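Biologist: Could you take me on a close look at the sheet in this one, and at what packs around it? I'd like one connected walk through that part.

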Amino acid sequence: MGTYSLDYGDKDLGGKLTSFIDRDVNPDANYLDKCGECTNMIVSFMHEVTPYSIASTIKGGSFGKGTAVKGKSDLDILFVVNDIKSIEDLMKKLKQIKHELHNALCCGSFSSVDGPLSKEKKAQRRHLKKNKPFKVSNIRRTPFTVSFTMTLPNGTSMPVDLIIVPNLPKSGPHGKFSKEDLTNIYQQMKAHPEQRDYLAKCVSPLQVSFVKDLPEKIKRAIRLTKYWAKTNKHKLPSYAIELLAIKTYEDFNRPEPGGITEKKIVNEIFTQLKDCKNMKIEWNTNYDLDDYSYEIKGKVNESATEQKKSSKSQNSVKLDTPTAKKLIKKISTVITENT
């Protein structure tokens, strides 16, 4: 068990939690404008250089949900590709696509996918390489993404994750998944565990829609908790924090914005974490609970001592949470399985 203090007591700037969130945690208009500029450039670049047909582009992650922390969040951009219609097809092609995408970011263009290039295509690629509107550094390939840091001519720098997903069939209105589509996806996850992570990327827009319409007071508490986790280099996933905050909000009977404070929400989040062995968080927004049961297997590390009460000091919030990696992994697993 470790005790961590979040110090926001700069007297010159106003040592209050609300001031600290506004000043150091919430993304301001300038920061969001820079993120928007980076997103637009990446999307335009991808449409220019990729040989694949892009059905749509989705802003995912914290920025899509409106829970990004200033200077501590990545841009997650999903590209839905028409040429890939199934998870099996994506699993076969993803390694090559990531290789092509890596080359495009380094060289300004995809290498040939359909054989030798024409003179016109070669000239177009030379032009794109010479006139690429941003610089790229720290490129790396993860199992599902191509990650890098992009820097614009004005000096704006932003970490980016590009995610390729197939254009799976959607029978719902406005080109969205219906309940039947989602049931089929969940059944496919259960029948083919090796496909689960790939399918999870496809339904990640559901996470965005589940979080983005929360009241701003709840989002402020989410950002504060994320700030604490990132500052202390904890492994607690951002989505786990968001779901814990939603549960806390509902446990308080969805009070009006003035009826609850960020500090109270954050403290309750850590109270939930203290008893994660008995934690069960679930909603029936995107699936029927009766169809999916999850039994927690194994024992959670029980060596964590009881959480101390938060400091009464006006200029700090002391938070106690188990730090064992096994426990954090268990928290993440339980929450993910039930959403």
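Modeller: First, a word on terms: two strands count as paired if DSSP finds at least two bridges between them. Keep in mind, too, that this is a predicted model.

With that in hand, start in the middle of things. Phe-79 sits opposite Ile-164 of E6. The strands involved are E3, residues 75-81, and E6, residues 157-166, and they run parallel to each other, joined over seven bridges.

Now zoom out to the whole sheet. It's an open one with five strands, ordered E2-E3-E6-E5-E4, and the pairing is mixed. At the edges you'll find E2 (54-60) and E4 (135-141); each has a single partner strand, so one side of each has no neighbour in the sheet. From one strand to the next, the twist averages 25°.

What lies against the sheet? Helix H2, residues 29-49, packs on it and touches E2, E3, E5 (145-151) and E6. The direction of H2 makes about 30° with that of E3.

That packing brings us to the nonpolar core. As a general point, nonpolar side chains in soluble globular proteins tend to be buried together. Here the largest nonpolar core has 50 residues, and the ones touching the most other members are Ile-42, Met-150 and Leu-162. Two or more residues each come from H2, E3, H4 (87-107), E5, E6, H6 (179-191) and H7 (196-202). H2 gives the largest share, eight residues.

Leu-162 is a nice one to click on. Leaving out residues up to four places away in sequence, Leu-162 touches Ile-42, Met-46, Ile-77, Phe-79, Leu-101, Leu-105, Phe-144, Thr-145, Val-146 and Phe-148. So you meet Phe-79 again, the residue standing opposite Ile-164, this time as a contact of Leu-162.

Apart from this core there's another, with 34 residues, including Leu-224, Tyr-227, Met-279 and Trp-283.

While you're away from the sheet, have a look at helix H9 (residues 216-231), which holds Lys-226. Is Lys-226 buried or exposed? The cut-off for buried is under 20% relative accessible area, and Lys-226 comes in at 1%, so it counts as buried. Setting aside neighbours within four places in sequence, Lys-226 is in contact with Ser-62, Thr-67, Val-69, Ser-238, Ile-241 and Glu-242.

One last stop is helix H1, residues 17-25, where the buried residues are Leu-17, Phe-20, Ile-21 and Val-25. Look down the axis of H1 and they fall within an arc of 100°, so they line one face of the helix.

Conventions. Residues are numbered from 1 along each chain as its sequence is written. This is a predicted model: local features need pLDDT of at least 70, side-chain atom pairs count only at pLDDT 80 or more; totals for chains, interfaces and linings use all residues. Side-chain values use heavy atoms; hydrogens and water are left out. Helices (H or I, at least four residues) and strands (E, at least two) are DSSP runs, numbered from the N terminus. Axes are lines fitted to C-alpha atoms, for helices over the stretch in contact, and angles run from 0 to 180 degrees between N-to-C directions. Contact means heavy atoms within 4.5 Å. Buried means under 20% relative accessible area, exposed over 50%, partly exposed in between (1.4 Å probe, protein chains only). A nonpolar core is a set of buried Ala, Val, Leu, Ile, Met, Phe, Trp, Tyr and Cys residues joined through side-chain atoms within 4.5 Å. The arc is that of the directions from the helix axis to the C-beta atoms.
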